[in-house]
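Subject: Structure handover

Hello,

Here is the structure for you to look through. Please open it first, then read my notes below.

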Amino acid sequence: MKKSYVADSRIFSPGKAFRFFVDLLVGVFIGVITVITSVSVAALIFTGVMSAHLAEGINIALVSAVVVGGIVSLGGSCSAAIAMPQDRTAPILAIMATSIISTGPASASGGEIFYTVLAAIFATTLITGVLLLVMGIFRAGGLIRFIPYSVLGGFFAGTGWLLVLGGLRVMTGYELDSIADIGHLADPESVRRWFPGVAIALAIFAGSFFVNYALALPLGMVCSILAFFAVSRGNGAGVPELVAGGWLLGPLESGFDNPWETTVAVVSGQSNWSFLLGQSMSIGTVLLISAVSILLAASALELMTGRDIDVNRELRVAGLANLAAAFSGGMVGFHSVSISSLTIKSGATTRAVGLVSALTCAAALLFGRDLIGYMPRIVLGGLLIYLGISFLSEWLIRTWGRLPFSEYLVIPLVLVVVATAGFIEGVVAGLLAALILFVVNYSRTNVTRYELSGKQIHSTVERNPGDEQHLWEMAEQIHVLKLRGHLFFGTATQLSSRVKARAENSSNAPLDFVVLDFEQVTGIDSSATYAFFRMRQLAAQKGFILVLTGLAPRLQAHLRLTELTRDDGNMQMFPDMDHGLEWCEDRLLERLQRNGTRTASTMLERLAELLPDNQSRTDFIAYLTERPFPKGHVLIKQNDPSGDLYFLEQGEVSVYLESDEGYMKRVRRTGCGAVLGEIGFYLGTPRSASVVADAQGRVYELTSEALARMEAERPELASVLHRFMADVLVERLLHTTQTLEAVLK
């Protein structure tokens with residue numbers, strides 16, 4: 001067949017061509033918005049003393065928009081994601097620049113200060129890229145979730161305040177570093193410059209409640225720019241007059257022939273890197289905000305697109321993008337939720353939007369400097385104030401009612417500290433407040449899962465009726481506390497108070513044993529050991545023994561280091577609570593043995609009480625087979641067929657459950673007078689557990705054939721046996737029910 005070279009209509013269909021054309025237009029539109037946003041970020045950082053280098057600052061911001069925007073668009077897991085220089089980190093970079101200017105030596109030249117600021121920006125971008133890349137490689141995106149939500153809210157509310165101040169600085173030219181500097185804005189000339197920008201910000205913010213918030217920003221900026229020039233024209237002010245009056249950004253004069261010469265100048269040694277040593281807190285804050293913002297952006301994009309976003313992939317891509325930006329002479333940048341949402345709302349489905357946006361920024365970087373110079377300062381300032389108001393609204397107002405009141409207070413606390421002392425101080429205050437709040441709240445947490453006496457919980461050792469009765473009478477002498485969570489000074493002190501209250505309660509029986517089970521304890525703080533020392537001293541004073549059970553190896557090692565576990569007779573340790581309770585019960589029974597008040601009965605003796613005469617007892621025993629066994633003998637093997645019932649006449653055995661991995665867990669221990677193998681025997685199912693002899697002894701065996709003969713030949717004996725077995729099972733069920741009721745209260 002002759003090969004056809006006709007183009008596939010599915011590839012060159014009019015629908016796809018139209019879709020690509022729409023994506024192209026959307027990309028250009030997004031690119032213009034990105035350019036304006038990048039310019040506003042640069043104006044925020046390069047203001048005041050640094051305003052003479054605004055052209056270079058705009059170059060740095062646009063380089064970041066090109067590099068970060070292009071790489072994130074190509075490599076991210078969300079094709080609609082748009083990345084750019086970030087308004088979230090720009091206030092911190094502005095603080096960093098101000099700090100370098102104020103702390104630099106008086107002998108430093110303006111050029112040296114300028115290049116040092118550039119070095120700080122590039123170093124921050126580089127370190128941010130490394131951190132984000134490492135977090136993505138090691139899939140550590142989930143660690144960000146451990147930062148308290150209230151602290152995040154305080155961070156972003158403080159960022160909003162700094163954006164508002166930055167917008168006012170861009171419009172007025174005043175150095176507004178804190179709330180104390182607000183008084184400079186009261187003179188009439190300042191009001192004339194900042195009031196229109198504030199009105200623009202409030203108009204855009206109000207419009208976001210009526211128009212889709214992603215559209216409110218670009219529409220507001222376009223309308224504001226048109227309105228500014230229209231009003232200026234109406235007042236007879238042309239471009240020269242606006243430039244002379246400082247209403248426009250321009251003219252923008254750069255000392256470099258191309259945007260990337262700034263990187264070469266920094267690397268060539270024209271900056272003073274020693275100035276950067278005092279900026280570690282600011283750099284750390286940028287790192288934290290960047291990582292948290294990417295996580296929040298990924299969550300928001302998931303909601304908007306209805307698709308899963310790989311946050312670790314986004315971290316890796318953002319890390320690579322910032323590394324590339326650092327070496328290209330750019331600033332920190334990552335995903336923008338608001339601009340990305342605009343792309344999604346436009347129906348864009350390909351990565352072409354992000355790439356075209358990056359190319360648009362590249363065109364502005366290379367050819368649009370003069371055009372950018374015509375940007376009105378009140379529009380850029382209004383944009384920054386709008387972004388700041390949005391942050392304040394989202395994190396200060398909308399979180400009201402979403403958080404517990406004590407947690408919510410952390411947000412305004414951070415905001416007030418940021419406004420009065422500084423951003424770094426606000427971050428520290430937020431972390432300290434969250435830490436104090438956590439300690440206070442956790443110290444109120446009840447680390448005792450349940451608190452029971454020996455009547456409500458006992459070991460899995462099944463004893464003869466006589467011993468069971470004695471233990472029941474002495475059960476209040478055993479006190480059990482099941483612990484959970486992490487023990488530190490506050491919660492351990494709470495536990496110590498519980499033990500002391502029980503020891504000094506004269507209305508209860510004398511206390512002989514306090515069992516503390518650590519099976520569900522995740523850790524013990526070194527400060528908690530003091531409370532345990534107090535409990536051991538109390539044990540020595542009151543004459544009871546502390547029994548520690550279920551301690552993980554690392555917890556045991558910790559207690560040994562503190563010498564808490566030294567053997568002085570007041571403390572015992574066991575691998576689990578069952579063995580600890582068994583030891584306590586054995587000590588109580590040994591005391592009775594020494595006093596001569598302990599009695600015991602075998603299973604046959606218990607059966608004899610239900611049989612009417614000696615002949616009946618003799619006839620019953622005739623159906624049984626006596627079998628001695630040595631220590632370690634396996635009487636019953638899990639999953640074997642069930643055909644025998646055993647009456648333990650002498651010795652002790654343990655019942656074990658075996659897991660699929662071969663792990664053996666003891667579920668019961670019993671001595672003379674016990675019945676073994678009854679479940680499988682009566683139900684005809686395989687053995688549900690294994691029974692191993694702890695000591696030599698003997699059993700009486702009743703086979704299924706012998707039971708069948710008994711039911712046929714002596715039905716009255718079989719009836720007594722079944723009644724007896726019903727009593728045994730009911731007793732077990734009653735003990736289990738009592739324990740469950742006590743635990744679930």
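Start with the surface. Helix α4 (residues 110–137) gives the most to a nonpolar patch, with 5 residues. The patch covers about 670 Å² and is made by Leu126, Ile127, Val130, Val134, Ile137, Phe138 and Phe327. Patches here are made of residues with over 30% relative accessible area and no salt bridge; like charges are joined within 9 Å, and nonpolar side chains (Val, Leu, Ile, Met, Phe, Trp, Tyr) within 5 Å. A salt bridge is a side-chain nitrogen of Lys or Arg within 4 Å of a carboxyl oxygen of Asp or Glu. Helices (H or I, at least four residues) and strands (E, at least two) are DSSP runs, numbered from the N terminus.

Is Ile137 buried or exposed? Ile137 lies in α4, and it counts as exposed because its relative accessibility is 51%. The cut-offs are these: buried is under 20% relative accessible area, exposed is over 50%, and partly exposed is in between (1.4 Å probe, protein chains only).

Before going on, note how the values were made. This is a predicted model, where local features need pLDDT of at least 70 and side-chain atom pairs count only at pLDDT 80 or more, while totals for chains, interfaces and linings use all residues. Residues are numbered from 1 along each chain as its sequence is written, and side-chain values use heavy atoms, with hydrogens and water left out.

Now the whole protein. It has 28 helices and 16 strands. Of its 745 residues, 53% count as buried. The exposed area is about 34100 Å², and carbon and sulfur atoms supply 61% of it. Accessible areas come from the Shrake-Rupley method with a 1.4 Å probe; for residues, only the protein chains shown count as cover. Take the contacts (heavy atoms within 4.5 Å) with a separation of 6 or more: residues 24 or more positions apart account for 81% of them.

Two helices next. Helix α5 (residues 149–172) has 24 residues, which should span 34 Å at 1.5 Å a residue; its end C-alpha atoms are 35 Å apart, which agrees. The expected span is 1.5 Å times one less than the number of residues. α5 is mostly covered, with 23 of its 24 residues buried. Just after α5, Gly173 takes a positive phi of about 80°.

Helix α21 (residues 529–542) has 14 residues and should span 20 Å; its end C-alpha atoms are 20 Å apart, which agrees. Which residues of α21 are buried? They are Thr529, Ala531, Phe532, Met535, Arg536, Leu538 and Ala539. These buried residues pack against several elements, including β5 (478–487), α20 (489–503) and β6 (513–524). Gly543, just after α21, takes a positive phi of about 80°.

Then the sheets. Two strands pair if DSSP finds at least two bridges between them. One open sheet has 5 strands in the order β4-β13-β12-β15-β10, with mixed pairing. β4 and β10 (634–636) stand at its edges with a single partner strand each, so one side of each has no neighbour in the sheet. Strand β4 (residues 461–462) runs parallel to β13 (residues 664–670), joined by 2 bridges. There, Glu462 stands opposite Thr670.

Strand β12 (residues 653–658) pairs with β13 in the antiparallel sense over 6 bridges. Leu657 has Lys665 of β13 as its bridge partner. The hairpin of β12 and β13 has 5 residues between the strands, and in it Gly662 takes a positive phi near 90°. β12 also pairs with β15 (residues 690–693), antiparallel, over 4 bridges. Ser654 stands opposite Val692 in β15.

Another open sheet has 4 strands in the order β9-β16-β11-β14, with antiparallel pairing. β9 (625–629) and β14 (675–676) are at the edges with a single partner strand each, so one side of each is left without a neighbour in the sheet. 5 bridges join β9 to β16 (residues 697–703). Arg627 has Val699 in β16 as its bridge partner.

Last, look at Met710 in helix α27 (residues 704–713). Met710 counts as buried because its relative accessibility is 0%. Leaving aside neighbours within four places in sequence, Met710 contacts Phe620, Tyr623, Leu702, Pro715, Leu717 and Ala718. Met710 and Phe620 are 90 residues apart in sequence, yet 8.3 Å apart in space, C-alpha to C-alpha.

Best wishes
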